[in-house]
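Student: Please give me a close look at one part of this model, from its backbone up to the packing around it. I would like one connected account, with the cut-offs spelled out.

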Amino acid sequence: MTIWRRRLALAALLLAFFSAALAWLSPCGRSLPETPAPFVMRMLDVGKADCLIFVCDGHTMLVDAGLPSSSDRVLHALADMGVASVDTLVATHPDKDHVGGLAAVLAAYPVGRVLRSPRDSASPENAAFLAAAQAAGAEVQIAQAGEEFALGRAVVRVLQARGDFEESNDCSVALSVAYEGCVFLLTGDLEKQGQDALLQCGADLSAQVLKVPYHGTSALRPELLQAVSPALALVPSGPDGGERPVSAKAMDQLMESGAVVLRSDQAGDVDVRVQNGRLEAYSSRGKRHAWPLSGGYQQ
């Protein structure tokens, strides 16, 4: 009898372990809201790489798609969000941790148009992305500063798109997405030169939500943080350690500014919703934050 009890206890322990592992590995996350909302942005946990999915009024914009190894996670997330087609696919710059999963998306979903950085690259990942866009018959355009387009009731603006910097990261396309009084600022992997140029572009950079540049691995220009003054800072980052870990100085800067900081390596997937006059952020690992769009913060 004791042997059977031990076996049952071991089976229960293994079941609990694998259930926890499945919840952890789930590409959609078990703590994200299942009810629809008119505007949702999901920062997908794809390691030290970028993938942002915007869904507004049934229209979809995908900004980067991580490494090639992230392709299945990206496709699962799109399906989980009910995406049937992608209106606009944005490749902020041609580094593999941004364009690596785009070929799979182009093969699996109808894509209206592709917006890419003026910077080009002969890397295998970028070549595969461009070949997939051509095979899919998607319209490919070079992003231009000042361009503006609708995503449902949201308005997307290209703030910066340059190809003349030495570093590929500084050639990231910078975007703002505005919806019902809430603004998201997306900065790709902009480093010092790119951030300085963005500060000089003449646009209003204030935003409630900042996608922190370059995975939070380098300090932010203080002037940029002051100009944005975000309530929420999103950091698509891999685990601490390894090459170019998250910068403690950058995290201190953000927290000292009063922003709530959500890192994908700690929070998992993050859904940001705008509804009923509120900005809400949900982590797939169980945390929730909310702000009335008139100001204030609730946890």
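**A sheet and the helix across it**

Tutor: Asn276 is found in the loop between strand E14 (270-275) and strand E15 (278-283). Helices (H or I, at least four residues) and strands (E, at least two) are DSSP runs here, numbered from the N terminus. Before going further, please keep in mind that this is a predicted model, in which local features need pLDDT of at least 70 and side-chain atom pairs count only at pLDDT 80 or more, while totals for chains, interfaces and linings use all residues. Residues are numbered from 1 along each chain as its sequence is written, and side-chain values use heavy atoms, with hydrogens and water left out.

Back to the loop. Most residues other than glycine have a negative phi. Asn276 is not a glycine, yet its phi is positive, near 55°. What is its relative accessible area, and is Asn276 buried or exposed? The value is 73%, so Asn276 is exposed; buried means under 20% relative accessible area, exposed over 50%, and partly exposed in between (1.4 Å probe, protein chains only).

Both strands flanking that loop belong to an open sheet of nine strands with mixed pairing, in the order E6-E5-E4-E3-E2-E1-E14-E15-E16. Its edges are strand E6 (139-142) and strand E16 (288-292), each of which pairs on one side only. From one strand to the next, the twist averages 15°. Two strands count as paired if DSSP finds at least two bridges between them. In general, strands of a sheet pair through backbone hydrogen bonds, either parallel or antiparallel. An example of the parallel kind is strand E3 (residues 59-63) with strand E4 (residues 86-91), joined by three bridges. Within E4, Val90 is the bridge partner of Val63.

Now for what sits on this sheet. Helix H5 (residues 124-136) lies across E4, strand E5 (111-116) and E6, and runs at about 145° to E5. Axes are lines fitted to C-alpha atoms, for helices over the stretch in contact, and angles run from 0 to 180 degrees between N-to-C directions.

H5 has 13 residues and reaches 18 Å from its first C-alpha to its last, close to the 18 Å expected at 1.5 Å a residue; that expected span is 1.5 Å times one less than the number of residues. Which residues of H5 are buried? They are Asn126, Phe129, Ala132 and Ala133. Seen down the axis of H5, these buried residues fall within an arc of 125°, so they line one face of the helix. The arc is that of the directions from the helix axis to the C-beta atoms. A familiar rule helps with the picture: an α-helix has 3.6 residues a turn, so residues three or four places apart point the same way.

What do the buried residues of H5 pack against? They pack against E4, helix H3 (96-99), helix H4 (102-108), E5 and E6, where contact means heavy atoms within 4.5 Å. On the other side of H5, Pro124, Gln134 and Ala135 are exposed. Just after the helix, Gly137 takes a positive phi of about 75°.
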